[in-house]
Amino acid sequence: CNMLTIKAEIKKSEQKSDKTYNVKLRFTLNRKVKRVSTSLFATPKDLTKDFKIKQNSPIKKDVDALIRFL
């Protein structure tokens, strides 16, 4: 079963000096993972306490659109 999954991911350890985080896309296929940086950046207020993108955050639409485009 070769199902490709794509998820947006924020790495807590990669906060930039302007307090934003690069949104990465995580591709998983056959238990192998690749991460790709995007041009999107999330602020702390876009994120839940466990570093997931909030459903009502404006950047969520951008991330979903990017994933759909793939």
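A few friendly notes on this predicted model, starting with the pocket and working outward to the fold.

1. **What lines the pocket.** Sorted by class, the residues lining the largest pocket are six nonpolar and seven charged, with no polar ones. The pocket itself holds about 260 Å³ of space. Its lining has 13 residues, and those closest to the centre are Lys-7, Ala-8, Glu-9, Lys-52 and Ile-53. Two elements each give two or more residues to this lining: β1 (5-15) and α1 (58-69).

2. **The overall layout.** If you want to orient yourself on screen, the protein chain has three strands and one helix. Following the sequence, you will meet them in the pattern β-β-β-α. The C-alpha trace spans about 40 × 25 × 20 Å along its principal axes.

3. **The sheet.** The three strands make an open sheet in the order β1-β2-β3, and the pairing is antiparallel. β1 and β3 are the edge strands, each pairing on one side only. Ignoring direction, neighbouring strands in this sheet are turned by 35 degrees against each other on average. The helix α1 packs on the sheet and touches β1, β2 and β3, while its direction makes about 135 degrees with that of β3.

4. **The β1-β2 hairpin.** β1 runs antiparallel to β2 (residues 21-29), and seven bridges join the two strands. To find the register, look for Ile-10, which stands opposite Val-23 in β2. Another handy marker is Thr-5, placed opposite Thr-28 in β2. Five residues lie between the strands of this hairpin, and Lys-19 in the turn has a positive phi of about 70 degrees.

5. **The β2-β3 hairpin.** Eight bridges connect β2 with β3 (residues 32-42), again in the antiparallel sense. Leu-25 has Val-36 in β3 as its bridge partner, and Lys-24 stands opposite Ser-37 in β3. Here two residues separate the strands of the hairpin, with Asn-30 in the turn showing a positive phi of about 50 degrees.

6. **A salt bridge across two strands.** How many salt bridges does the structure hold? There are four salt bridges in the structure. One of them is between the side chains of Arg-26 and Glu-9, at 2.8 Å from N to O. This pair links distant parts of the chain, since Arg-26 sits in strand β2 and Glu-9 in strand β1, 17 residues apart. As general background, side chains of opposite charge can pair when their charged atoms come close. Glu-9 is worth a second look, as it is also among the residues closest to the centre of the largest pocket.

7. **Phe-27 and its neighbours.** Phe-27 is found in strand β2. Leaving aside residues up to four places away in sequence, Phe-27 touches Leu-4, Thr-5, Ile-6, Lys-32, Val-33, Lys-34, Val-36 and Leu-70. Two of these names came up earlier: Thr-5 stands opposite Thr-28, and Val-36 is the bridge partner of Leu-25. For a sense of distance, the C-alpha atoms of Phe-27 and Asn-56 are separated by 24 Å, and these two residues lie 29 residues apart along the chain.

Terms used: Residues numbered from 1 in each chain as written. Predicted model: local features only at pLDDT ≥ 70, side-chain atom pairs only at ≥ 80, totals over all residues. Heavy atoms only, no water. 1 Å grid on protein atoms, 1.4 Å probe; cavity = no way out; pocket = protein on both sides within 12 Å on 5 of 7 lines; lining within 4 Å. Points joined across faces, edges and corners; volume = space filled by probe spheres on them. Helix = DSSP H or I, 4+ residues; strand = E, 2+ residues; numbered from the N terminus. Nonpolar A, V, L, I, M, F, W, Y, C, P; charged D, E, K, R; others polar. Pairing = 2+ DSSP bridges. Axes fitted to C-alpha atoms, helices over the stretch in contact; angles between N-to-C directions. Contact = heavy atoms within 4.5 Å.
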